[in-house]
Structures are given as C-alpha cells and as structure tokens.
Amino acid sequence: MKLGIITAMSSEQKQLANQLSDRTECKKGPFSYIEGKINNNSVVLMQCGIGKVNAAAGTVEMIRNFQPDCIISTGVAGGIDTCLKVMNVVVSSKIAYHDVWCGEGNAYGQIQGLPRFFEGNKTLLDTALSIDTDTAIHGGLICTGDKFITDRKELNEIKSNFPDGLAVDMESASIAQVCHLYSVPFISFRIISDTPGADNHFEQYLNFWGEMADRSFHVTEAFLKALPNKL
C-alpha cells in the first residue's frame with residue numbers, strides 16, 4: 001500500500017523522515033517529497049505548511065503526483081476536552097471546520113454542498129485505536145480553523161458549536177475535504193501539544209517541542225508500522 005503522509009511543520013516532518021528506510025527525495029512544483037518505506041508499505045512524506053490553503057494545495061499535489069492509496073495527516077493539535085492531556089493522541093473519527101458559515105440552509109461548519117463532517121477511514125481508525133502503547137489514544141472529532149486558539153472565550157465558542165470536539169488544528173478538515181472530493185481514504189492522527197485556554201497554555205506548547213516531541217512521536221511510528229498492507 002502507498003501511504004501519503006502530510007505534515008504541516010518541518011519539526012513534524014523531521015520526526016517522520018527519521019522513520020523511513022530506503023529514503024529518496026524529490027521536488028515537484030512548490031513542494032518537496034521524501035519517499036521511503038515503513039515495513040511493507042511505501043511512503044510519500046511531504047510538508048504542506050500551516051493552514052487550510054497550504055494543506056489543501058499540498059493534498060491535491062500529493063494525489064496528482066503520487067496517487068496514494070490513502071492519506072494520513074500527522075502532527076500536533078490543541079486539546080479542547082477535559083479528557084485530554086498533553087501527549088495524548090486524537091485520531092479522527094470525523095472532522096469539521098470550526099470557522100465556516102455558509103448562511104441559512106447550512107449547518108455551522110458546513111461548506112454548502114458538502115457534508116458537515118468528513119468521516120475518517122474505519123480501517124485506519126481501528127488500527128490507530130488498537131495500538132499497544134502507554135499513551136492514551138482517543139477516537140473523535142477534530143475541528144479545524146485558520147487560527148491558533150489561545151483564548152478561553154474562543155475555545156468555549158468552538159465547544160458550544162461542536163460539543164463532541166476533542167482537538168483543534170489548522171489543516172485536517174481541508175485535507176479531509178480534498179480527500180472526500182477525490183475519493184481517497186483519509187485519517188488525521190494528532191498528538192496533543194497543548195490545551196488552549198489553560199493558564200500556562202503557551203508554556204505547554206513550548207515545553208512539548210522542547211522536552212516531549214521525540215518521545216511522543218514514537219506513538220506515530222507505532223501507528224504507521226501497524227498499518228495493514230491494504231485497506
């Protein structure tokens with residue numbers, strides 16, 4: 001199976017690139033790619049950049065250039081539910097935009113003509129939830145918007161619109177939307193780096209990258225190594 005893996009940040013890409021064997025690199029258009037293998041699966045790894053437009057453009061180019069059997073968005077997210085702690089993992093059973101409103105006749109978060117929620121692939125979700133690890137892994141709703149959430153009021157508004165929301169990020173829904181349009185199976189696998197609205201929120205985020213990122217990304221490695229050879 002060919003896995004297309006999309007990260008937003010260089011720090012995330014570096015963590016994953018270190019897990020690949022038989023690595024080669026190439027550049028096509030505005031994006032660079034690292035190809036390799038994890039177990040018996042082929043991997044194409046790319047860094048799309050932060051935000052919804054970068055993520056959508058990167059996903060289109062990934063599909064157009066490499067025709068992956070599935071796409072996985074990996075990286076970090078902010079935890080927005082009390083069940084989550086820093087270094088926990090959220091895997092998308094579904095994904096929505098928290099900053100979209102297309103007017104009357106549409107649900108909040110829904111782009112007109114598309115589902116309000118984009119579903120995560122069941123095989124990828126089940127694999128993630130079955131990993132034998134000390135890290136808590138939660139399946140649930142990831143909410144995406146073009147803003148790094150720090151304010152408790154903004155967090156409360158997101159939770160009021162999406163009570164089941166577990167995490168917020170800036171890429172997953174746009175990648176999911178493109179995968180929906182192209183009929184490519186998709187999942188978002190996100191490590192919790194901080195809990196927006198907490199008194200020490202930004203300190204949590206900095207501490208994650210300074211002290212815990214290497215350790216936490218071993219969970220991502222375990223997920224990728226556990227994936228089957230076909231969906």
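## Aromatic pairs

How many aromatic pairs does the count come to? The count comes to six. The model is predicted.

One of the pairs is W101 with Y108. Their rings are stacked. The centres lie 6.5 Å apart, and the planes meet at 20°. That angle counts as stacked because the cut-off is under 30 degrees.

## Exposure of W101 and Y108

Is W101 buried, exposed or partly exposed? W101 is partly exposed, with a relative accessible area of 49%. Y108 is partly exposed too, at 27%. Neither residue counts as buried, because that label needs a relative accessible area under 20%.

## The F117–F162 pair

F117 pairs with F162 in an edge-to-face arrangement. Here the centres are 6.4 Å apart, with 80° between the planes.

This pair links distant parts of the chain. F117 sits in the loop between β6 (89-97) and β7 (118-119). F162 sits in the loop between α4 (152-161) and β9 (165-169). The two residues are 45 residues apart.

Their accessibility values fall in two classes. F117 is partly exposed, at 24% relative accessibility. F162 is buried, at 1%.

## Cluster and charge

Which residues make up the aromatic cluster? W101, Y108, F117 and F162 form one cluster. Within it, W101 and Y108 are a stacked pair, while F117 and F162 are an edge-to-face pair.

A lysine also lies over one of these rings. K94 is placed over the face of F117, at 4.5 Å from the ring centre. F117 therefore has K94 over its face, and the cut-off for such a contact is within 6 Å of the ring centre.

Technical notes. Residues are numbered from 1 along each chain as its sequence is written. This is a predicted model: local features need pLDDT of at least 70, side-chain atom pairs count only at pLDDT 80 or more; totals for chains, interfaces and linings use all residues. Side-chain values use heavy atoms; hydrogens and water are left out. Rings of Phe, Tyr and Trp (its six-membered ring) pair if their centres lie within 6.5 Å; planes under 30 degrees apart count as stacked, over 60 as edge-to-face and the rest as tilted. Buried means under 20% relative accessible area, exposed over 50%, partly exposed in between (1.4 Å probe, protein chains only). Helices (H or I, at least four residues) and strands (E, at least two) are DSSP runs, numbered from the N terminus. A charge sits over a ring if NZ of Lys or CZ of Arg is within 6 Å of the ring centre and within 35 degrees of the ring normal.
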